[in-house]
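Take a walk through this protein chain, from one loop out to the whole fold and back to single residues. Keep the sequence and the model side by side.

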Amino acid sequence: MSGERWLRVPVGDEASRWRTVGSSRTVLAVARTVTSAGRLLEILPLFRSDPRVQVLFTVAAGSAFDDGVGDYLRGVQARTVPWSQAVETPFHLAVSASANGALHQLKAPLLVVPHGAGHNRLLSPADGPASGVSGLARRQLVHEGRIVPAAIALSHHEQLARLERDCPEALPRAVVVGDLVFDRIQANLARRDRYRRALEVGPDRKLVLVSSTWGPHSLLGANGDLVARLVAELPVDEYQVVLAAHPNAWYGHGGLQVRLWLADARDGGLLLLPPEQGWQAALVASDAIVGDHGSVTFYGAALGRPVLLASSGREAEELDPDSPTARLSGTLPRLDPAGAVLPQIEQVMAGRGPHDDVTGRTLGMPGQAEGLLRRLAYGLMELPEPPAPAAARPLAEPLPERGEVLSFEVEAVVGGDRVTVRRYPAVLERRSGSQVRDPHLVVDAEEVNPRLLENAAIVIGRDPRPGWAEETLRRYPGCFMTAEIVGDRSIDLTLREGERLRVSTLGEVDPRCLPSAVYGWLVRGRSREDLRSGITVRVGDRQVVINCDAADQG
């Protein structure tokens, strides 16, 4: 690698000193929000392993959601220059994932790319009369009679017709390249099990990805309690809920506020993805989507995931009625907010498959976006492409925030020689119509909420000291039994009347489920002799046989 390619010429201002010599090129990535910055970071690997290309970032002011962009770029160690210097410095290429802002001030051929699945949202009427579709509107693409972008990257030929409708003079600058992000998601489908392990979701649980765009008509804006309801009403041994909220929701309200709003759901087991990344891998890992009119929902439908629509921008006239997203929103099954969510999830998962007839009208040129977009970018820079073909990269493993569930409302249904156990987080209330049958409360001894401990039928201790069981039963007179975990597949029970039992199984199941099976068996007056000879316990898709013997009294 020659030293010339790394040579920086100090010619005065901060931006210019990064201009390189010889055949090298300097690219300016123009971020406006965290969302657009994230899309640019998806695109910039087009220049990977090419020492001829130096990438700088600048932040274009003017967005209501620009808070956090600087911190985000510093977090990935991107080199940034102030906007005031960026517009005074010539670059070989500028790339923006938004058509908004004073992009006409840049001294570089400008490549505009979408920051979502195509172009679907209408600009706000507050932006002026005949505002049009974001990314295709004349007021964004034309300044004083001049077409601002040198190239407009589109994901599908369908968008050419709408661009011609809204800004026909920009049509010659449009290039259909496909959707790089969706191509990358599809390329990572073979890593599904890896991402599920990162989310701690085994093959016996279904992952429900909740996706919310931003604004009052988004899933979170229009259904503020839906996330908590999903966590409350889906059995924890059968389902895991993970939330991907739009960065504008995070940075418009602040991360502190978002976490406060979702605090109960997180305590109940919700996985909360950070705003910067993780949703793509979670989408690959998912079994079903509950979403709105945002891009994540659209990508999920394109992957063939079952989708339940909780909110839509069609009624609020946020979407271009001619866009594929608007048509998809009119096709997807709608969630009934008044009904129990579990049967609705089960129904949509048993329903129809992909919506290719609609999503295929946004996601064109499948598998070709990386190569087509790289060819376009290098052509604008007048630089030969690297000889190695463009290729997709692995998605990073998702790193969600997660809470620890310490208390469960449990139903133990006895039928024949089998007990079916279903657990729900006790910190969340369920609506009528989704109540647990004959519930009992199972609480970890480390629970800090005294009300839960005082009402527990079973208190569970992890490696407790000698005498803990007797002390706990004295402290909580309503407690039916204590349970001491002694291994991955064994647990010692102490009943209030003093009997001690060791419950064990050869199957793989959370040992905290075993006391509930014994509890359900005993409170229904079933035989202790049958309990000792072995009964079948079903937890979600798993079925194990448990045996009960007298435990060591010492």
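Start at Pro-45, which is found in the loop between α1 and β2. Is Pro-45 buried or exposed? Its relative accessibility is 13%, so Pro-45 counts as buried, the limit being under 20%. The model is a predicted one. Which residues does Pro-45 touch, beyond those up to four places away in sequence? They are Glu-370 and Arg-393. Glu-370 is 325 residues from Pro-45 in sequence, yet the two C-alpha atoms are 9.3 Å apart in space.

The loop that holds Pro-45 also holds Phe-47. Phe-47 forms an aromatic pair with Tyr-378. A ring pair is described by two values, the distance of the centres and the angle of the planes. For Phe-47 and Tyr-378 the centres are 5.8 Å apart and the planes stand at 55°, a tilted pair. Tyr-378 sits in helix α18, and 331 residues separate the two partners, so the pair links distant parts of the chain. Both Phe-47 and Tyr-378 are buried.

A second ring pair joins Phe-480 and Tyr-519. Their centres lie 5.1 Å apart and their planes meet at 85°, which makes the pair edge-to-face. Phe-480 is in the loop between α20 (468–475) and β19 (481–485), while Tyr-519 is in helix α21 (residues 514–523). The pair therefore ties together parts that are 39 residues apart in sequence. The two partners differ in cover. Phe-480 has a relative accessible area of 26% and is partly exposed. Tyr-519 has 16% and is buried.

Searching the whole structure gives 4 aromatic pairs. Ring pairs also link Phe-182, Trp-279 and Tyr-299 into a cluster.

Now look at helix α21 itself. How many of its 10 residues are buried? The count is 9, so the helix is largely enclosed by the rest of the structure. Among these buried residues are Leu-514, Pro-515, Tyr-519, Trp-521 and Leu-522. Ser-516 and Gly-520 are buried too. Just after α21 comes Gly-525, with a positive phi of about 75°.

Helix α9 (residues 226–233) is mostly covered as well, with 7 of its 8 residues buried. The buried set includes Leu-226, Val-227, Leu-230, Val-231 and Ala-232. It also includes two charged residue types, Arg-229 and Glu-233. Follow Leu-230 outward. Setting aside residues up to four places away in sequence, Leu-230 touches Val-210, Val-241, Val-290, Val-341 and Ile-345.

Leu-230 also belongs to the largest nonpolar core, which has 62 residues. Which members of that core touch the most other members? They are Phe-47, Leu-111, Leu-230, Leu-234, Val-290 and Leu-373. Phe-47, met earlier in the tilted pair, is thus on this list because it touches so many other members. Helix α18 (residues 369–381) gives the core its largest share, 7 residues. Apart from this core lies another one, of 34 residues. Val-410, Val-419, Val-421 and Leu-493 are among its members.

Next, go to Asn-547, placed in strand β23 (residues 542–550). Its relative accessible area is 29%, so Asn-547 is partly exposed. Leaving aside neighbours within four places in sequence, Asn-547 is in contact with Arg-502, Val-503 and Ser-504. Its other contacts are Leu-531, Arg-532, Ser-533 and Gly-534. How far from Asn-547 is Val-241, C-alpha to C-alpha? The separation is 33 Å, and the two are 306 residues apart along the chain.

Last, step back to the whole chain. It holds 22 helices and 23 strands. Its C-alpha atoms fill a box of roughly 85 × 50 × 40 Å along the principal axes. Of its 554 residues, 55% are buried. Among contacts with a separation of 6 or more, 64% are between residues 24 or more positions apart. The accessible surface comes to about 23500 Å², and 49% of it belongs to carbon and sulfur atoms. The chain carries 62 positive and 68 negative charges, and the mean positions of the two sets are 4 Å apart.

Conventions
Residues numbered from 1 in each chain as written. Predicted model: local features only at pLDDT ≥ 70, side-chain atom pairs only at ≥ 80, totals over all residues. Heavy atoms only, no water. Helix = DSSP H or I, 4+ residues; strand = E, 2+ residues; numbered from the N terminus. Buried < 20%, exposed > 50% of the residue type's maximum accessible area, 1.4 Å probe, protein only. Contact = heavy atoms within 4.5 Å. Areas by Shrake-Rupley, 256 points an atom, 1.4 Å probe, with all protein chains shown as cover. Charge placed at Lys NZ, Arg CZ, Asp CG, Glu CD. Core = buried A, V, L, I, M, F, W, Y, C linked by side-chain atoms within 4.5 Å. Phe/Tyr/Trp six-rings, centres within 6.5 Å; stacked < 30°, edge-to-face > 60°.
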